[in-house]
Amino acid sequence: MSQPPQFYEMQGMEKRPLQQGDIEITDLTNIPSHGGEHSTQSQPTGTQRHLKSRHVQMIAIGGTIGTGLFIGSGKALAHGGPVGALLGYTFMGIIVYFTMLSLGEMVTYLPTSGGFTSYATRFVDPAVGFATGWNYWYCFGITLPAEITAASIVIQYWDPNDDHLAIYITVMLGTALLINLFGAGAYGEAEFWCAIIKVVAIVGLIILGVVLDLGGGPNHDRLGFRYWKNPGAFNDTYLGIENTSTARFLGFWSVFIQAAFSYLGTEIVAVTAGEARAPRRNVPKAIKRVFFRLAVFYFCGILVIGLTVPYNSDRLLSAITQSTGAAASPFVVAITNAGIKGLDHVINAVILTSAFSAGNSDLYTASRTLYALALEGKAPRIFARVTRKGLPIYCVLLTFCLGPLAYLNVSSGASTGFNWLSNLSTVAGLFTWSVICWSYIRFQKGLKVQGISRDTLPFKTPFQPYAAYIALVSLSIIIFFNGFSVFIGGFAAQDFVAAYIGVPIFFGFWVFWKVWRRTKMVGLEEMDLLTGVKEIDELEEMDRAEEAAKGPQGFVGRMWSAMM
């Protein structure tokens, strides 16, 4: 008879005096290693470092490519026009890049499980950490059924029978759960291959778009910048607004929210820091490349669809309304306009892969965030328990319980459910990015007050602290005005709630913990900037020793290391 699974409970950050037989755990980084000679197999102290460099790099890439780019970009084009959409995604991309710079410097210095949740606790206020952690957990917990809903919409492109939706939802939810139950290694491997599919697809679509724009399609119609002139570079009639300048600006502004949902998940790489091998080498490498990924995938992608599809295209507007898989993708509209047949099914398969991959990542990210909260004493202690292989199984199971919300798709309509869920997750994501920037500002001030030079940090990012301030102010403005369209052309109560319900949820968490635990802002002099650093330094030394023991790499190995 097999032995029942053994669980281990972590002590959180709220320490008690050590008693006889206790093992002191000073950090959330969970030093148990990655299967080498330094592994500790008998008594694991938490999650284990199973994510390889290639996993971390492709998770970072996969976090930036999803249904928001393949499908959501069509709505952005229709709202803002080609230049409005391009500017909206570009400006939001800069804000995301500044946010990732702020996060990268902290997570490289102290790569902990849960990442920015613990930074808010240590550098700002435990109440902010509580609000951020639970906000981020429900953000990705809600996005799980949202992405499964999106995947069901995609499958309807092949099978429009609504009676089959529940079957597809069940299969995808079960597969995501199975992958996550196998642990971080299985999750990393799944995301690695899904990310490769998405990268190949988007690069191929960008190249194809350039070819079509230059007249290389079956109809040999050279488009150039035709659609920037007619119907125009901006949407002059957005929401039926008569004033052209106002319509153009608001159409451009509406793209911000759409772009935010598209970029949501870029920060997931920080959540993996607690389970990544050599985090100080691999995590900053992934963050440094964020700018180039955003530039290549989003800037080039949005530019291409703006050149090949007019924003007032009947086919595009019909596709957005129907929201059925590849038909809703502006890339498919461009291909169809050019007279190419058959590629729509390939693109639909890629979109399905993207939606499932996003849902799989949501389950992983939310479960690790809940685990970090439990370590800090901000969630029931049962969620700090891990299996022998370092899996926080109770966190995975509780988060998975939100997955069946995807069945709302069966009864209330796919588009309505997806819009509600995506709006909730967008606002939550914007709050998370805001707290990351705030935490970094406090972190940098703490370093200065305590006499620690940024030059001694393992990863010193450029444009700081100005980048953090710019991102924080910009994100605050976007949160405040994200539901502006509700007040134009008649007030809709349900749209107002969907746009702003995330605001009272976040501050409700904050006030609850502030009042109950009577927390105070962390003083710059008392800020904990050292706990866990020594352990990470030792881990890095072990990793460097293992790399040196492997000997010099060949040409192929060096090329692979450069890419991954």
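Contact here means heavy atoms within 4.5 Å. Keep that in mind for the close-ups of this predicted model, where local features need pLDDT of at least 70, side-chain atom pairs count only at pLDDT 80 or more, and totals for chains, interfaces and linings use all residues. Residues are numbered from 1 along each chain as its sequence is written, and side-chain values use heavy atoms, with hydrogens and water left out.

**Figure 1. The whole chain, before we zoom in, has 22 helices and 2 strands.** Helices (H or I, at least four residues) and strands (E, at least two) are DSSP runs, numbered from the N terminus. Of the 564 residues in the chain, 57% are buried; buried means under 20% relative accessible area, exposed over 50%, and partly exposed in between (1.4 Å probe, protein chains only). Take the contacts with a separation of 6 or more: 83% of them involve residues 24 or more positions apart.

**Figure 2. Helix α3 (residues 116–123) meets helix α4 (residues 126–155).** Two packed helices are described by the angle between their axes and the distance between the axes. For this pair, the axes come within 6 Å and cross at roughly 165°. (Axes are lines fitted to C-alpha atoms, for helices over the stretch in contact, and angles run from 0 to 180 degrees between N-to-C directions.) So α3 and α4 are roughly antiparallel to each other, a label for angles over 145 degrees, while under 35 counts as roughly parallel, 65 to 115 as roughly perpendicular and the rest as oblique. On the α3 side, look for Phe 116, Thr 117, Ala 120 and Thr 121; they meet Pro 126, Val 128, Gly 129, Thr 132, Gly 133 and Tyr 136 in α4. Sorted by type, the residues of this contact are 5 nonpolar, 5 polar and no charged. (Ala, Val, Leu, Ile, Met, Phe, Trp, Tyr, Cys and Pro count as nonpolar, Asp, Glu, Lys and Arg as charged, and the others, Gly among them, as polar.) How many of the 8 residues of α3 are buried? The count is 8 of 8, including Tyr 119 and Arg 122.

**Figure 3. Three salt bridges up close: Arg 248 with Asp 236, Lys 378 with Glu 376, and Asp 455 with Lys 460.** A salt bridge is a side-chain nitrogen of Lys or Arg within 4 Å of a carboxyl oxygen of Asp or Glu, and the count by this rule is 7. Arg 248 and Asp 236 sit at 2.6 Å, N to O. Arg 248 is partly exposed at 38% relative accessibility, and Asp 236 is partly exposed too, at 22%. Lys 378 and Glu 376 come to 3.2 Å, N to O, and both are buried. In the bridge of Asp 455 and Lys 460, the N to O value is 2.7 Å; Asp 455 is exposed at 58%, whereas Lys 460 is partly exposed at 44%.

**Figure 4. Now for some backbone oddities, at Pro 231, Pro 465, Leu 239 and Phe 463.** Most residues other than glycine have a negative phi, and most peptide bonds are trans. The bond from Asn 230 to Pro 231 is cis, with omega near 20°, and Pro 231 lies in helix α7. From Gln 464 to Pro 465 the peptide bond is also cis, with omega near 5°. Pro 465 is in the loop between α17 (414–449) and α18 (466–481), and Phe 463 lies in the loop between α17 and α18 as well. Phe 463 isn't a glycine, yet its phi is positive, about 65°, and it counts as exposed at 52% relative accessibility. Leu 239, in the loop between α7 and α8, has a positive phi near 60° and is partly exposed at 42%.

Methods. Nonpolar A, V, L, I, M, F, W, Y, C, P; charged D, E, K, R; others polar.
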